[in-house]
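Visitor: I am new to this structure and would like a close look at a single part of it. Could you take me to one place where two helices meet and walk me through what surrounds it?

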Amino acid sequence: MPKLLPVAEPLSLCCSPLTSQPLSAEQAETVAPLLKALADPVRLRLMSLIASHADGEACVCDLTPAFELSQPTISHHLKVLHDAGLVDRERRGTWVYYRARPQALQSLATLLTAAGATPVGAS
């Protein structure tokens with residue numbers, strides 16, 4: 001049976017779009033680590049690779065070849081994404097598999113969507 005690794009606390013942004021009302025100090029404190037985690041080009045690309053990977057999950061062994069970085073460096077970036085609550089991870093044997101947390105992505109999408117606007121890709 002796969003060993004589940006600890007997961008960051010569930011994300012609950014409960015924020016309305018930035019354009020509808022100002023964020024409270026507490027909301028800003030909650031959102032900032034997520035945005036900071038994604039602000040690094042390597043982490044943003046890792047997030048994209050994981051979210052768009054077949055079956056919505058990717059093994060670190062699938063991610064490392066996409067970069068000219070060492071496996072420990074990739075693992076560090078993945079840990080930052082996990083600690084921010086953006087990805088879940090699961091150990092299977094010697095490998096760790098990562099899956100994007102849909103609720104985190106949806107919360108960020110809600111935050112960044114203009115009030116009353118149709119999200120990109122929606123009909």
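**Where two helices meet**

Guide: Let's start at the meeting place itself: Val42, Arg43, Leu46, Met47 and Ile50 of α2 are in contact with Ile74, His77, Leu78, Val80 and Leu81 of α4. Contact here means heavy atoms within 4.5 Å. Helices (H or I, at least four residues) and strands (E, at least two) are DSSP runs, numbered from the N terminus. By class, this contact has 8 nonpolar, 1 polar and 1 charged residues. Ala, Val, Leu, Ile, Met, Phe, Trp, Tyr, Cys and Pro count as nonpolar, Asp, Glu, Lys and Arg as charged, and the others, Gly among them, as polar.

Before we go on, a word on the model: it is a predicted one, in which local features need pLDDT of at least 70, side-chain atom pairs count only at pLDDT 80 or more, and totals for chains, interfaces and linings use all residues. Residues are numbered from 1 along each chain as its sequence is written, and side-chain values use heavy atoms, with hydrogens and water left out.

Now for the geometry. The axes of α2 and α4 are 10 Å apart, and the two helices pack at an angle of about 75°. Axes are lines fitted to C-alpha atoms, for helices over the stretch in contact, and angles run from 0 to 180 degrees between N-to-C directions. α2 and α4 are therefore roughly perpendicular to each other, a label for angles of 65 to 115 degrees; under 35 counts as roughly parallel, over 145 as roughly antiparallel and the rest as oblique.

Val42 is a good residue to visit next. Val42 lies in helix α2 and counts as buried, at 19% relative accessibility. Buried means under 20% relative accessible area, exposed over 50%, and partly exposed in between (1.4 Å probe, protein chains only). Leaving aside residues up to four places away in sequence, Val42 touches Phe67, Leu69 and His77. Val42 and Thr73 are 31 residues apart along the chain, and their C-alpha atoms are separated by 10.0 Å.

On the α4 side, look at Leu78. Again not counting residues up to four places away in sequence, Leu78 touches Leu46, Ile50, Val60, Leu63, Val87 and Tyr98. This brings us to the largest nonpolar core, which has 23 residues; Leu46, Met47, Ile50, Leu78, Leu81, Leu86 and Tyr98 touch the most other members. Such a core is a set of buried Ala, Val, Leu, Ile, Met, Phe, Trp, Tyr and Cys residues joined through side-chain atoms within 4.5 Å. At least two residues of this core come from each of α1 (25-38), α2 (41-52), β2 (57-59), α3 (60-63), α4 (71-83), β4 (95-100) and α5 (102-112). The largest share, 4 residues, is supplied by α2.

Let's follow α2 a little further. Ala51, also in helix α2, is partly exposed, with a relative accessible area of 41%. Ala51 and Val87 are 36 residues apart in sequence, while 9.1 Å lies between their C-alpha atoms. In the loop between α2 and β2 you will find Asp55, which counts as exposed at 70% relative accessibility. Asp55 is not a glycine, yet it has a positive phi of about 65°. Most residues other than glycine have a negative phi.

Finally, step back to the whole chain. The chain has 5 helices and 4 strands, running β-α-α-β-α-α-β-β-α from the N terminus on. Of its 123 residues, 34% are buried.
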